[in-house]
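Student: I should like to go through this structure term by term and ask what each description rests on. May we begin?

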Amino acid sequence: MSFSLACCVQATARLLDACGPLVPLQLGLSARDVQVEMGGPTPEARESLVRLAGVLGAELIQSPPDAATVCSLTADLAEGPVLVAAASASRGGGEDRATSTRQTADLLRAVLPWLHGLDEQILGAPELWVSDQGSALTVRLLLTAAEGDDLDELGAAAGRGLERLRLWHSDSGVDGTARLPGGRTVRIAVVRSY
C-alpha cells in the first residue's frame, strides 16, 4: 500500500476544501511533498495563492518582476509532507471554466481507494499528477524505473485496482491508460531512469 502517497492526497483534498474556489491548479503529489502551480490571469492566480497562504498560515513570497512566477510559498502540512506552491502567469486561463476546485478535491478523494491498493514495495516512490485544465481534469501516475526493473510489471502493478488497463511501450518506458471504477481515465507512465 502506498500509504504515504494516499495520506498526502487526502491532506491535499482537505486543504482544497478549506480554501474554497481557486484558479485552475496543477498538482504534483508524492509521499514527500505537494507541488501546486496556479495558472490563469495574474491577479486571480495571486489572489488564489493568498487564500492558500491564509489557510496554511504561510508567508507569501513575492517574486522579482521578470520571474516566471508571480509569488510563491512553502509550508509544512500537518500530515507530514511539504507543500510548495506558486502562482504563474505562464499557464492558461481566462476562458470559461468547466471545472472547479471542489471537483479537483473530489477527484483526489476518488483516487484514494486505488492508491491504498498500490504496493509500495514494487512501485517505489510513485508521483500522482492532477491537472485542472479549465475544461477537464486529468490524472496521471508517474513511476521511475531503476535499471533491472521490469517495466511491464511496474505498469501492471500501477494499474491494480483499475479497470480496462492498457499498456504499451514508448521511447521512455511504458505508458498506459485505465479507468477508475467511476469511469474517469487515469494515465500511467513508467519511465526509465537509466
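Student: What makes E2 and strand E5 (residues 82-88) a pair, and in which sense do they run?

Tutor: Two strands pair if DSSP finds at least two bridges between them. E2 and strand E5 are joined by 6 bridges, in the parallel sense, so they satisfy that criterion. Within this pair, Met38 stands opposite Ala87 in E5. The model is a predicted one, in which local features need pLDDT of at least 70 and side-chain atom pairs count only at pLDDT 80 or more, whereas totals for chains, interfaces and linings use all residues. Residues are numbered from 1 along each chain as its sequence is written, and side-chain values use heavy atoms, with hydrogens and water left out.

Student: How do you know that E1 and E2 also pair?

Tutor: E1 and E2 share 5 bridges in the antiparallel sense. A hairpin of 3 residues links the two strands, and Gln26 stands opposite Glu37 in E2. The labels themselves come from DSSP runs, helices being H or I of at least four residues and strands E of at least two, numbered from the N terminus.

Student: Which residues of E2 form its covered face, and which the uncovered one?

Tutor: Val34, Val36 and Met38 make up the covered face, while Asp33, Gln35 and Glu37 make up the uncovered one. In a regular strand the side chains alternate between the two faces of the sheet.

Student: Why is Ser30 called buried?

Tutor: Buried means under 20% relative accessible area, exposed means over 50%, and partly exposed lies in between (1.4 Å probe, protein chains only). Ser30 has 3% relative accessibility, so Ser30 counts as buried. Ser30 lies in the loop between E1 and E2. Not counting residues up to four places away in sequence, Ser30 touches Leu5, Cys8, Pro126 and Glu127, a contact being heavy atoms within 4.5 Å.

Student: What makes the approach of Ser30 to Arg32 a polar contact?

Tutor: A polar contact is a pair of N or O atoms within 3.5 Å; within protein, one must be able to donate a hydrogen and the other to accept it, and residues adjacent in sequence count only if both atoms are side-chain atoms. The side chain of Ser30 reaches the backbone nitrogen of Arg32 at 3.2 Å. That distance therefore falls within the limit.

Student: Is Thr12 buried or exposed?

Tutor: Thr12 is buried, because its relative accessible area is 1%. This residue is found in helix H1 (residues 3-19), and a polar atom of the Thr12 side chain lies 2.8 Å from the backbone oxygen of Cys8. Thr12 touches Leu27, Leu29, Val34 and Leu108, again not counting residues up to four places away in sequence.

Student: Why are strands E3 and E8 said to stand at the edges?

Tutor: The open sheet has 10 strands in the order E3-E4-E5-E2-E1-E6-E7-E10-E9-E8, with mixed pairing. Strand E3 (61-62) and strand E8 (163-170) each have a single partner strand, so one side of each is left without a neighbour in the sheet. For E8, 6 bridges join it to strand E9 (residues 173-179), and these two strands run antiparallel. Among the opposed residues are Leu167 and Gly176.

Student: What makes the buried residues of H5 one face of the helix?

Tutor: In helix H5 (residues 151-158), the buried residues are Leu151, Leu154, Gly155, Ala157 and Ala158. Seen down the axis, they fall within an arc of 165°, so they line one face of the helix; the arc is that of the directions from the helix axis to the C-beta atoms. These residues pack against H3, helix H4 (120-123), E7, E8, E9 and E10.

Student: Which residues touch the most other members of the largest nonpolar core?

Tutor: Trp114 and Leu128 do so, in a core of 56 residues. The largest share, 9 residues, comes from H1. Such a core is a set of buried Ala, Val, Leu, Ile, Met, Phe, Trp, Tyr and Cys residues joined through side-chain atoms within 4.5 Å. Among the residues that Trp114 touches are Leu128, Leu141 and Val186.
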